[in-house]
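Open the model in your viewer and keep the sequence panel in view. The stops below are given in the order in which to select them.

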Amino acid sequence: MKKTLAKISIGLVLVGCGTKAPINDLATTLPIATSIDLTKTENDKVPVIINPGRFVKDTVTYYLPKVVQGTYAVSDFGKFVDNFKAVDYDGNELKFEKKDANSWILINAKQVDKITYLVNDTFDIENTDIGTPFSPSGTNIEDKNYVLNLHGFIGYFDVLKNNQYTLDVTAPNAMKRTSALPKSESIVSQDGLNTTDKYFATRYFEITDNPMMYGDLDVEEFMVGDIKIVLSVYSPNKVHTAAKIKETVFKMMKGQKAYLGDINSTPRYDVYLYLASGEEKAPTGFGALEHHTSTVVVLPEQMPDEALASSMIDVVSHEFFHIVTPLSVHSEDVHYFDYNEPTFSKHLWMYEGVTEYFATLFQIHQDLVDEKAFFDKIMGKIRGSASFDDKMSFTVMSENILEQPYASNYINVYEKGALIGMCIDILMREESKGSRGILSLMKELSLKYGKNKPFKDDKIIEEITEMTYPSIGKFLKTHVEGNTPIAYQDFFKKVGLSIVSEKVQTNYIQNSGAMIIAGDQEKGTIFFNDLVLANSFWADNGVKPNDDIVEVNGRKLTIQSANDILGSTFQWKDGDDLEVKLNRAGEEVIIKTKIKKSYTQAKVIMVDKNATRDQNELRNAWLKG
């Protein structure tokens, strides 16, 4: 998963099912037959039918996931189910017990023919008081678009965790449809208006691992080497097209394949891009969620072409690199994931941190960015990590990620987690005189384990140390398992770099990555924080810390509207007129001005002019090796 720092209002912008059940617990060895009928959608709710076959147990429990893989947060998909019914073979309703938000106990299971229910989507209630899943793991139900993250529609029975599934999705013929799950056939209705697509999954994991998108889609298919890429775009106001985004995705994935080399990949990879309109009911959890052969991405539709291209490179490349970890290298917690009583691995530094590092490093390795852009991104991660608890053990945080104070530090997996990957990479390059790095380590781990063989969580650091060097083990024990902050300048010195302070251009809501605004949830307001004084544009216009932002160009700014209004600041151009209404301790302050570039003082990474030949060679091996 990649969050583009959650929601713009507060921080702009991101396997099995357990052991096999005894044979006498099974209803049938036939697949569980499931169906989703989009043609019968009413009030943003879609009907679902689940036919498990005949049970031989009196009591069976049906679950929808509490947590889905890759999110590290509670989603409670059962909360979005209405009108749950258990029906016998004569069509009569049977009694059941609602155990909790995500489970239903069938107390006369032998009599059950099927269960039915309605599913409400998550996108249009994200800005309400109801807790909702991270947008790329959520669901959308509307006339022109259906985001079918199937874990939001289809569940599993406690006694049938290893059964196969069939899935029928019925939709109007006018709808385009793309699916990472291969279709077995499509059947047109007698009236010729609708088509039922039939799919097959060997187990429940394949249901959760293969999202779909139906509706008014713009689709481009193209080859990157031997991989077929299917890019599906939904842009409600037709601001962006798949054809326009195609070149960015092509260059990015071509670079990723070249960087990864001989790591096995998938013959097909789907990218589902949902562009949020910015309206009140639009999703605001920007980022992406990985799957084995696809990723679901949610980004703002209002983003300019260049900004969208940059975000796609950052976000989608991160998800694609998950084919290395955790999809190929993972622990037993990941391999035998329990959707309703999950345990978590200690190694988010690897799953998310190393993945994010790869997504950053490959861009300089493949000449998609220059050294300055790469160093700026690394420095941004150092600044970003400073807002979290730098003394928190990463392994303790990972294992307890659903609990506080660890949950609120999760975003640091993309900041400090990536920096951990960088430090290991530099150490390995130093120890091997440039010949080995963290990518070679992950390749070795992939060969040792692979997607079907998990590692033991408590043993992997010891194994990595044996496979590499004592310095790697010491680093992991001290800075990943331990609580000692990392002195990044020591690692930069090894490769002839230093951190200096200089004047840099910034934007209108950040100082070189550090937010200059914050939200007051209690008051529902957005205000400038102390950092505004170091932002030349606002400082020159007399803005002070704690000024509430009431209106921007006549539009009232609240926490609910912040995503749209603050996002539009990235489209401001020199010379544009601007009027901002502030509340300064009860006094109205109006600023009328013209947009001009903004600057701040920031620490940057630069090549040390006095770097030695060895340092320069090591830096080249790190960036280009």
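Start with Asp 100, which stands opposite Ser 103 of strand β8. Strands here are DSSP runs of E with at least two residues and helices are runs of H or I with at least four, both numbered from the N terminus. The model is predicted, so local features need pLDDT of at least 70 and side-chain atom pairs count only at pLDDT 80 or more, while totals for chains, interfaces and linings use all residues. Residues are numbered from 1 along each chain as its sequence is written, and side-chain values use heavy atoms, with hydrogens and water left out.

Widen the selection to residues 96-100 (β7) and 103-106 (β8), which pair in the antiparallel sense over 4 bridges; strands pair if DSSP finds at least two bridges between them. The two form a hairpin, with 2 residues between β7 and β8.

Next, display the open sheet of 8 strands, ordered β6-β5-β9-β3-β2-β13-β16-β15 with mixed pairing. Its edges are β6 (93-94) and β15 (183-188); each has a single partner strand, so one side of each is left without a neighbour in the sheet. At the β15 edge, 5 bridges connect β15 to β16 (residues 194-201), and the two run antiparallel. To check the register, select Lys 183, whose bridge partner in β16 is Tyr 199.

Two residues with unusual backbone angles come next. Most residues other than glycine have a negative phi, and most peptide bonds are trans. Tyr 72 has a positive phi, near 55 degrees, and lies in the loop between β4 (60-63) and β5 (81-88). Lys 238 also has a positive phi, of about 55 degrees, in the loop between β19 (227-234) and α3. Which of the two is buried and which exposed? Tyr 72 is buried, at 12% relative accessibility, and Lys 238 is exposed, at 51%. Buried means under 20% relative accessible area, exposed over 50%, and partly exposed in between, with a 1.4 Å probe and protein chains only.

Move to Thr 266, in the loop between α3 (242-260) and β20 (268-276). Thr 266 is buried, with a relative accessible area of 12%. Apart from neighbours within four places in sequence, Thr 266 is in contact with Ile 227 and Thr 293, where contact means heavy atoms within 4.5 Å. Its side chain also reaches the backbone oxygen of Arg 268 at 2.7 Å.

Now find the cis peptide bonds. One joins Thr 325 and Pro 326, with omega about 10 degrees; Pro 326 is in the loop between α4 (305-321) and α5 (332-335). Another joins Gln 404 and Pro 405, with omega about 5 degrees; Pro 405 is in the loop between α8 (394-399) and α9 (412-431).

Between these, select Ser 385 in helix α7 (residues 371-385). Ser 385 is buried, at 4% relative accessibility. Leaving aside neighbours within four places in sequence, Ser 385 contacts Asn 412, Glu 415, Lys 416, Leu 419 and Tyr 488.

Finish with helices α6 (residues 348-365) and α16 (residues 613-624), which pack at about 110 degrees with axes 8 Å apart. Axes are lines fitted to C-alpha atoms over the stretch in contact, and angles run from 0 to 180 degrees between N-to-C directions. That makes α6 roughly perpendicular to α16, a class covering 65 to 115 degrees (under 35 is roughly parallel, over 145 roughly antiparallel, the rest oblique). Select Tyr 357, Leu 361, Ile 364 and His 365 of α6 with Trp 622, Leu 623 and Lys 624 of α16 to see the contact.

How values were computed. Polar contact = N/O pair within 3.5 Å; in protein donor to acceptor, adjacent residues only side chain to side chain.
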